[in-house]
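User: I would like to learn how to read a few features of a structural model, beginning with empty space inside a protein and then turning to individual side chains. Could you take me through them one at a time?

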Amino acid sequence: MPRFSVIVPVFKVRGFLRECLDSVLEQSYRDLEVIAVDDCSPDGSGDILDAYAARDPRVRVLHLPANVGLGRARNAGLPYATGDFVLFLDSDDTFTPGALRALADRLDEAGDPDVLVFDYARTYWWGGTRRNSLAHVLRDVGADTFTVAEHPEILELLMTVWNKAYRREFVEAHGFRFPPGYYEDTPWTFPVLLSARRIATLDRICVAYRQRRQGNILSTTSRRHFDVHDQYERVFTFLDARPELTRWRPFLRHKMAEHCLDILAKPDRVPARDKGEFFRRTAGLYQKYRTPDEVPVAPEFRVLEGSWAACRVRRQAAGLRTALTAGGERVRAAGAERIRRSRSLVHERLPLDPRLALYSAFSHRGMLGDPAAVYRAARELAPHIRGVWVVRPELVGKLPVDVEYVTPGSPEFLRLSARATYFVNNVNWPSTPRRRPGSVYIHTHQGTPLKFMAADLLHRPGARIGVDVPRMLRRADRWDYSLVANRHSELVWSRAYPCGFVSLRTGSPRNDVLVNAGPDSGAAVRERLGIPADHTVVLYAPSPRDYRRGGHVERFDLARFAEDLRRSLGERHTLVVRLHPSLADGPARGFGLAELHRRGVLVDATDEPHVEEVMLASDALVTDYSALMFDYANLDRPIVIHADDWGAFTASRGAYLDITAEGPGHVSRSYRELARLFDSGQWRDAESTRLRAAFRERYCEFDDGKAAERVVRTLMLGEPVAAVPAPSAHRASSLVSS
């Protein structure tokens, strides 16, 4: 008996079917059966199913003699299910990598509940990905099982059948089946959840819900959308037969009204000539199922007490208000900008303050990176210079209490930025205020470049989405000094930013802590992350991809990697994952990282503010194309490059060097090769050491642990230019550029 029975109804999906089936059969968790139901599909989908069944015994195909619709096709597959749990997957959707392993682990943890509700993400035909906006509900209800009465907010989630796993015995005991017609999920999901004695949740994206440009049944203009009324009638019939569920009648009445009005508002659902009838049918049901003791009608549903004509007038008025509000916001924004410019002009009449420095990092995200290292050195070596950080309002609370700050665009920001002498940033400053003569702009960058940057992107249109290169260069024209850690960076920045700055061979200030690290330097962050002191820590730091909208690409199953590391390194190891900051607030964590962190399979260090501390806490780095590899080389610890899509990456973004030929360690081209490197011990063999030494020699040449001090003494205190010590005898001595 398999753990999972996956029922896949199939009709006119030839273009998506293989991807769907592969997403199931190629899961790392293999204890499953697929029951594919060919709903008399006319496009050859049945032949594809037969081909899969011929080569994989886990696939069983049912060919229906006539088309019966989505719900009844699922019903046809149910009697053949033998698994402990039943899953439904629409044949144009896919399971995400590692989804079934995550489901199996959560079911074991929860003790086989009646229903397990998991998350999904909408994947759009144009390449976008958007996570369920109510995903937090899956996390907020906690790890214990519950009933709907204990957590009614679970009913606010999308009432679809495919974002849940159902205990087969529970389904059979209650005789749940799908009715005919559109919106067949509604009279299944509400009764199922209301009947379940034990519900659990999994805060993980397990299904990619494809948003097709054409061909989606529910986006077809038709009178079939009137079926939604019949489906809710079935839900209320279910309630009427169970007096103990009467309390849910007002809630479901509101859900029905909300659902129906949403359908009515969409331009591609109900035919225009039938909208009035659809409205009247909805209003009739809303009145029919009103209970005598129900509270007054909610404001959003009062429209159902009037006529269709009144409803249309209200909708048009709401649309007009929205348009006027948007126009007013634009006018107010333009006025605010004029006020800011006038204030800047007033402040610019005052002299520069030679004792004032403004700092910013990563678009005002806090006291981070190279600017933070310069700031700390300035506080020690030049305490007479007042250092003020520019920080977004929502991130101010993360600053140390003794750090002075202003928020972007505020009157105080305008005053200080007009008078400051020193500006230190790793991202371009905004165009306002204007650069004043006598000011000193120090640009630290964000590490050594591997990927094409700035002007080099002009011939890479795929990587320039949302990037205004001319504006970027106009802002870079304000730089006075560009800090570099090696001659490679010096050459790249001079080409990528054809501006008038001076390159300073200072080293990277943020790398001082890595160069000066002692044996216990990472102990504090290990303790904070709950990592035992005697564990071998492998840090995995993936990069975003320009060829994928949103940047997130799952390269391999993190749960599988953690398990393979356990077999290779033993129980005393920890896998730490740190996503790129651009992925931190998107759906990336929902594809398994958050759930694996909760269960202790790995540690998610994405929110750790200082990446240098995370590097210090690790014993080895696995990355694809992250610039962290150049910084990490200062630690002289093993580095593995996982370059399974190097060709696609370089074709879309471009690279300044072939990291697969000149890398800091062994290179894997597939997950199997990556696992083998750790299993065999090659990840830290003599060849790994040789490769790392050559890499460090080239890309860490100016990192001597005194970069921040060098910047402060040279650019703020005006001391004579100091020489950067050569790390090796054969390397020519290099003086700091002046």
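Analyst: Before we look at a cavity lining, note the classes used to sort its residues: Ala, Val, Leu, Ile, Met, Phe, Trp, Tyr, Cys and Pro count as nonpolar, Asp, Glu, Lys and Arg as charged, and the others, Gly among them, as polar. Keep in mind, too, that this is a predicted model.

User: How do the residues of the lining of the largest cavity divide into these classes?

Analyst: Rolling a probe the size of a water molecule over the atoms shows where empty space is left. Here, searching the whole structure gives four cavities of 30 Å³ or more, and the largest holds about 150 Å³ of space. Its lining consists of 14 residues, with Tyr 540, Pro 542, His 552, Glu 554 and Leu 579 nearest the centre, and the lining comprises 10 nonpolar, two polar and two charged residues.

User: Turning to a single residue, is Thr 282 buried or exposed?

Analyst: Buried means under 20% relative accessible area; Thr 282, at 2%, is therefore buried. Thr 282 belongs to helix H10, residues 275–288.

User: With which side chain does the side chain of Thr 282 make a polar contact?

Analyst: The partner is the side chain of His 229, at 2.9 Å. His 229 sits in helix H8, residues 227–240, and counts as buried because its relative accessibility is 0%. Leaving aside neighbours within four places in sequence, the contacts of Thr 282 also include Met 256, Cys 260 and Leu 304, while those of His 229 include Cys 260, Phe 278, Arg 281 and Leu 285.

Conventions: Residues numbered from 1 in each chain as written. Predicted model: local features only at pLDDT ≥ 70, side-chain atom pairs only at ≥ 80, totals over all residues. Heavy atoms only, no water. Helix = DSSP H or I, 4+ residues; strand = E, 2+ residues; numbered from the N terminus. Buried < 20%, exposed > 50% of the residue type's maximum accessible area, 1.4 Å probe, protein only. Polar contact = N/O pair within 3.5 Å; in protein donor to acceptor, adjacent residues only side chain to side chain. Contact = heavy atoms within 4.5 Å. 1 Å grid on protein atoms, 1.4 Å probe; cavity = no way out; pocket = protein on both sides within 12 Å on 5 of 7 lines; lining within 4 Å. Points joined across faces, edges and corners; volume = space filled by probe spheres on them.
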